[in-house]
Amino acid sequence: MKTRPAGIGNVHADWMGSLPAKLSAMPLKNLAVPGSHDSFTFWVDVHAPVGPDQKVYVKYLATMFSVLAKKVMVKWSMTQNLTFKEQLDAGIRYFDLRVSSKPGERGNELYFIHGLFGHTVRDGLIQINFFLDRHRKEVVFLDFNHYYAMGAEHHTYLINMLQEVFGSRLCSNCSVEGITLDYLWEKKYQVIVFYHHASAQSVPVMWPGTKIPAPWANTTEPNKLIKFLGSTLKERAKQGSFHVSQAILTPRPNIVARGLVYGLRNYLVEKNLPAIMTWVEAQRPGVDGVNIITSDFVELTDFANIVIKLNNLLLSDQDGKQR
């Protein structure tokens, strides 16, 4: 398999709306959906403080070496090159989101974070909503799964912000089995928000994290990752939920130290992508198959296109049953 850039364009901006009727009538948990890992890291601020998600020794180094240390951190914090709009145009429909307040800053403003602070959450949500306004049959999964330096007032602020920005586009928490594209289109829902915190339990349009498990391999070795992805797929039918297959490798401190000046993309991701993408190409969606698959640097291969095309296998399965 050749690893080649997919290019930046809007070739898959309307892929959900273009699916055959047989697929739009299926539970969304049975379809293959491309997603991005640490979706917001296309820009991070080297002039802001190091994020509260970092270990003490990292904060110390950043204090001692200031911008120089942060420029090295950028190479290991960034897992995407495309903006939200570019990811959406390319077909990405699941976003992995981690948020934080900025310690010492007044007010409740929240930022995306992965080692370093990124854009404000509000700016990101507005960009996503702008896309949805122009592509009325497209549906996104927003998975808020990590929170840092956030008190009760920050959670209230974020939950209110989500409702303010997306309004009637937010799908209420209900049975995962009943969520089809046809159902979402009928209700004019385009956003499913997963909020992994108890503060959202009483909010109907916030889905609990238990409805979208995303098991994490936490390895630097492709063969261990692939074995892990296969074993976790075998368990998903019991859960009756959406499911995220994180097709990503995670750098350990010794890996970062050895590849300090190269960064995540050059030292770990690019050389291992062919093996990971071979696994992706071999998958099947469905009850016991893949649902959401996430990747780093989604534009480095034809990732979104490959995942979307897996849904054609569901059509051939149906045709076979009807014969």
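Of the 323 residues in the protein chain, 55% are buried. The model is predicted. The secondary structure of the protein chain amounts to 12 helices and nine strands. Among contacts in the protein chain with a separation of 6 or more, 78% are between residues 24 or more positions apart. The surface that the protein chain exposes comes to about 14400 Å², and carbon and sulfur atoms supply 55% of that area.

## Nonpolar cores

The largest nonpolar core holds 59 residues. Inside this core the residues with the most contacts are L142, F144, L158, F166 and Y195. A second core, separate from the largest one, has 28 residues, including W15, L28, L31 and V33.

## Y195 and its surroundings

Y195 is found in strand 6. Is Y195 buried or exposed? Its relative accessibility is 2%, and because buried means under 20%, Y195 counts as buried.

Leaving aside neighbours up to four places away in sequence, the contacts of Y195 include F144, Y147, M150, H155, L158, I159 and L162. On the C-terminal side of Y195 in the numbering, the list also includes A200, M206, W207, P208 and G209. Two residues of this list, F144 and L158, are also named among those with the most contacts inside the largest nonpolar core. The side chain of Y195 makes a polar contact of 2.8 Å with the side chain of H155. The C-alpha atom of Y195 is separated by 6.6 Å from that of D143, although these residues are 52 residues apart along the chain.

## Aromatic pairs

A pair of aromatic rings is described by the distance of the centres and the angle of the planes. The count of aromatic pairs is 13. Two of them are set out below.

| Pair | Distance of centres | Angle of planes | Class |
|---|---|---|---|
| Y111 and F117 | 5.9 Å | 75 degrees | edge-to-face |
| Y147 and Y195 | 5.0 Å | 35 degrees | tilted |

The pair of Y111 and F117 is edge-to-face because its planes stand at 75 degrees, and the cut-off for that class is over 60. Both Y111 and F117 are buried.

The planes of Y147 and Y195 are at 35 degrees, so this pair is tilted. Which parts of the chain does the pair of Y147 and Y195 tie together? Y147 lies in strand 5 and Y195 in strand 6 (residues 191-195), so the pair joins parts that are 48 residues apart in sequence. Y147 counts as buried at 17% relative accessibility.

Ring pairs also link F40, F42, F84, F95 and F112 into a cluster.

## Charges over rings

R134 lies over the face of F130, at 3.6 Å from the ring centre. In the case of W185, the charged end of K137 sits over the ring, 4.4 Å from its centre.

## E138, a buried acidic side chain

E138 is placed in the loop between helix 4 (121-134) and strand 5 (140-148). Its relative accessible area is 0%, so E138 is buried.

What does the side chain of E138 reach? One partner is the backbone nitrogen of M16, at 3.1 Å. Another is the backbone nitrogen of G17, which lies 2.8 Å from a polar atom of the E138 side chain. Not counting residues up to four places away in sequence, E138 touches A13, D14, W15, M16, G17, R93, F131, L132 and Q190. W15, in this list, is also one of the residues of the second core.

## Positive phi values

Two residues other than glycine are described here for a positive phi. Phi of D38 is near 45 degrees. D38 lies in the loop between strand 1 (33-36) and helix 2 (56-77), and at 0% relative accessibility D38 counts as buried.

Phi of A149 is near 50 degrees, likewise a positive value in a residue other than glycine. The place of A149 is the loop between strand 5 and helix 5 (152-166). Is A149 buried or exposed? At 39% relative accessibility, A149 counts as partly exposed, because that class covers values between the 20% and 50% limits.

Methods: Residues are numbered from 1 along each chain as its sequence is written. This is a predicted model: local features need pLDDT of at least 70, side-chain atom pairs count only at pLDDT 80 or more; totals for chains, interfaces and linings use all residues. Side-chain values use heavy atoms; hydrogens and water are left out. A nonpolar core is a set of buried Ala, Val, Leu, Ile, Met, Phe, Trp, Tyr and Cys residues joined through side-chain atoms within 4.5 Å. Buried means under 20% relative accessible area, exposed over 50%, partly exposed in between (1.4 Å probe, protein chains only). Contact means heavy atoms within 4.5 Å. Helices (H or I, at least four residues) and strands (E, at least two) are DSSP runs, numbered from the N terminus. A polar contact is a pair of N or O atoms within 3.5 Å; within protein, one must be able to donate a hydrogen and the other to accept it, and residues adjacent in sequence count only if both atoms are side-chain atoms. Accessible areas come from the Shrake-Rupley method with a 1.4 Å probe; for residues, only the protein chains shown count as cover. Rings of Phe, Tyr and Trp (its six-membered ring) pair if their centres lie within 6.5 Å; planes under 30 degrees apart count as stacked, over 60 as edge-to-face and the rest as tilted. A charge sits over a ring if NZ of Lys or CZ of Arg is within 6 Å of the ring centre and within 35 degrees of the ring normal.
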